[in-house]
Amino acid sequence: CLSEPHATPATPTSLLSSARVAFATPAAASVAAASLAVDPELRPELVSRSITAEGAWLIISLSAADARALRAAACTLCDLAGVAARAVEVFGEGAE
C-alpha cells in the first residue's frame, strides 16, 4: 500500500513517519487525498497527520507521541488509502 515508509525520532517525545502512494494521474491522487482528509484522526491528542497530493503522488505524513500510536495510525491510513485507490479505480476520478 505505502511506499517508502520510515519512522524517525522527531523530538524526544514524538515520532515521524511519511509515505508516498503512486496513482495513475494527478487527479486520482487529489481525489484520494480529499477522501482521506474528511476522516478525522481517531486519537488527535496522540497523532497528527498531513495528507496531500503532489502530482500523481499521495503524500501522507504522521507524527505521534509513541510508536504504538504511530503504528496504529499508519495501519489505518494504509487501509483507507487502499479503499480510496480502489474507489478511484472502480468509479473514476470524477465520481460524485
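So, Ala56: you'll find it in the loop between E3 and E4. Keep in mind that this is a predicted model. Is Ala56 buried or exposed, or something in between? Its relative accessible area is 22%, and buried means under 20%, so Ala56 ends up as partly exposed. Now look at who sits across from it in space. Ala27 is 29 residues away from Ala56 in sequence, yet the C-alpha atoms of the two are 7.2 Å apart.

Let's stay at that turn for a second. The loop belongs to a hairpin made by E3 and E4, with 2 residues between the strands. Gly55 is in the turn as well, and Gly55 has a positive phi, about 65 degrees.

Okay, let's step back to the whole chain. How many helices and strands are there? We have 2 helices and 4 strands, and going along the sequence they come in the order β-β-α-β-β-α. The protein has 96 residues, and 27% of them count as buried.

Strand E4 is a good one to follow next. E4 covers residues 57-64, and 6 of its 8 residues are buried, so call it mostly covered. What does E4 pair with? On one hand there's E3, running antiparallel to E4 and joined to it by 8 bridges. If you want to trace that pairing on screen, take Thr52, whose bridge partner in E4 is Ile59, or Ser50, which is partnered with Ser61 in E4. On the other hand there's E2, residues 14-22, also antiparallel to E4 and joined to it by 8 bridges. In that pairing, Ala22 stands opposite Trp57 of E4.

Trp57 has another contact to show you. Which residue lies over the face of its ring? That's Arg20, at 3.9 Å from the ring centre. As for aromatic pairs, the structure holds 0 of them.

Next up, the largest pocket. There's about 170 Å³ of space in there. It is lined by 13 residues, and the closest to the centre are Glu41, Leu42, Ala72, Ala73 and Thr76. Two elements each give two or more residues to that lining: strand E3, residues 47-54, and helix H2, residues 67-91. Which one gives the most? That would be H2, with 6 residues. And if you sort the lining by type, you get 8 nonpolar residues, 1 polar and 4 charged.

Since we're on H2, one last residue: Val83, which is found in that helix. Why does Val83 count as exposed? Its relative accessibility is 56%, and the cut-off for exposed is over 50%, so Val83 falls on the exposed side. Val83 also has a partner from elsewhere in the chain that you can check on screen. Leu36 is 47 residues from Val83 in sequence, and 9.7 Å from it in space, C-alpha to C-alpha.

That's the tour. Back to where we began: Ala56 is partly exposed, in the loop between E3 and E4, and Val83 in helix H2 counts as exposed.

Definitions and conventions:
Residues numbered from 1 in each chain as written. Predicted model: local features only at pLDDT ≥ 70, side-chain atom pairs only at ≥ 80, totals over all residues. Heavy atoms only, no water. Phe/Tyr/Trp six-rings, centres within 6.5 Å; stacked < 30°, edge-to-face > 60°. Lys NZ or Arg CZ within 6 Å of the ring centre and 35° of its normal. 1 Å grid on protein atoms, 1.4 Å probe; cavity = no way out; pocket = protein on both sides within 12 Å on 5 of 7 lines; lining within 4 Å. Points joined across faces, edges and corners; volume = space filled by probe spheres on them. Nonpolar A, V, L, I, M, F, W, Y, C, P; charged D, E, K, R; others polar. Buried < 20%, exposed > 50% of the residue type's maximum accessible area, 1.4 Å probe, protein only. Pairing = 2+ DSSP bridges.
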